[in-house]
Amino acid sequence: SLSLSVSLSLSVSLSLSVSLSLSPSELDNRRLVIVCGVTAGIFLVGIFILLLIRLLMEVRDRREYHRFLVEQEKAKWESVSVERIHGVAERGVGAGGISL
């Protein structure tokens, strides 16, 4: 005969104690720490947001500048093609000097 036995024991104990008997100077120090911490947190979040906005603007500007360079290169090639067409038109095309 085969027997299988499993036992599980779980106990959780949580103890939290808060002491409110602080001297006035300790209470003032805690207030100062809390105020400075909140102020520094707000300042750092603001700096982070500004840096994030700056980064996003930089990425967008670089993409836009790249598109500008591509369009400028296209315009250069288009103007070269137009100049060739006008040059051919001025000289005349084919036998008998037929002009465009």
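**Exercise 1. Find out how much surface the protein exposes, and how much of the protein is buried.**

Step 1. The protein exposes about 10,000 Å², and 65% of that comes from carbon and sulfur atoms. Accessible areas here follow the Shrake-Rupley method with a 1.4 Å probe, and for residues only the protein chains shown count as cover.

Step 2. Before going on, keep in mind that this is a predicted model: local features need pLDDT of at least 70, side-chain atom pairs count only at pLDDT 80 or more, and totals for chains, interfaces and linings use all residues. Residues are numbered from 1 along each chain as its sequence is written, and side-chain values use heavy atoms, with hydrogens and water left out.

Step 3. Of the 100 residues in the protein, 0% are buried. Buried means under 20% relative accessible area, exposed means over 50%, and partly exposed lies in between (1.4 Å probe, protein chains only).

Step 4. The secondary structure comes to one helix and zero strands. Helices (H or I, at least four residues) and strands (E, at least two) are DSSP runs, numbered from the N terminus.

**Exercise 2. Locate the nonpolar surface patch and place Met57 in it.**

Step 1. Val45, Phe48, Ile49, Leu52, Ile53, Leu55, Leu56, Met57 and Val59 make a nonpolar patch of about 830 Å².

Step 2. Patch residues have over 30% relative accessible area and no salt bridge; like charges are joined within 9 Å, and nonpolar side chains (Val, Leu, Ile, Met, Phe, Trp, Tyr) within 5 Å.

Step 3. Met57 sits in helix H1, which covers residues 24–91. Its relative accessible area is 39%, so Met57 is partly exposed.

**Exercise 3. Work through the salt bridges and say how exposed their partners are.**

Step 1. The count is four salt bridges, each being a side-chain nitrogen of Lys or Arg within 4 Å of a carboxyl oxygen of Asp or Glu.

Step 2. Take Arg62 and Glu58, whose closest N and O atoms are 3.1 Å apart. Both lie in helix H1, four residues apart, about one turn of the helix. Arg62 is exposed because its relative accessibility is 58%, whereas Glu58, at 27%, is partly exposed.

Step 3. Next, Arg60 and Asp61 meet in a salt bridge at 3.6 Å, N to O. Arg60 has a relative accessible area of 52% and is therefore exposed; Asp61, at 35%, is partly exposed.

Step 4. Lys74 and Glu71 also form a salt bridge, at 3.9 Å from N to O. These two residues of helix H1 are three residues apart, about one turn of the helix. Finally, Arg54, Glu58 and Arg62 are joined into one network by salt bridges that share partners.
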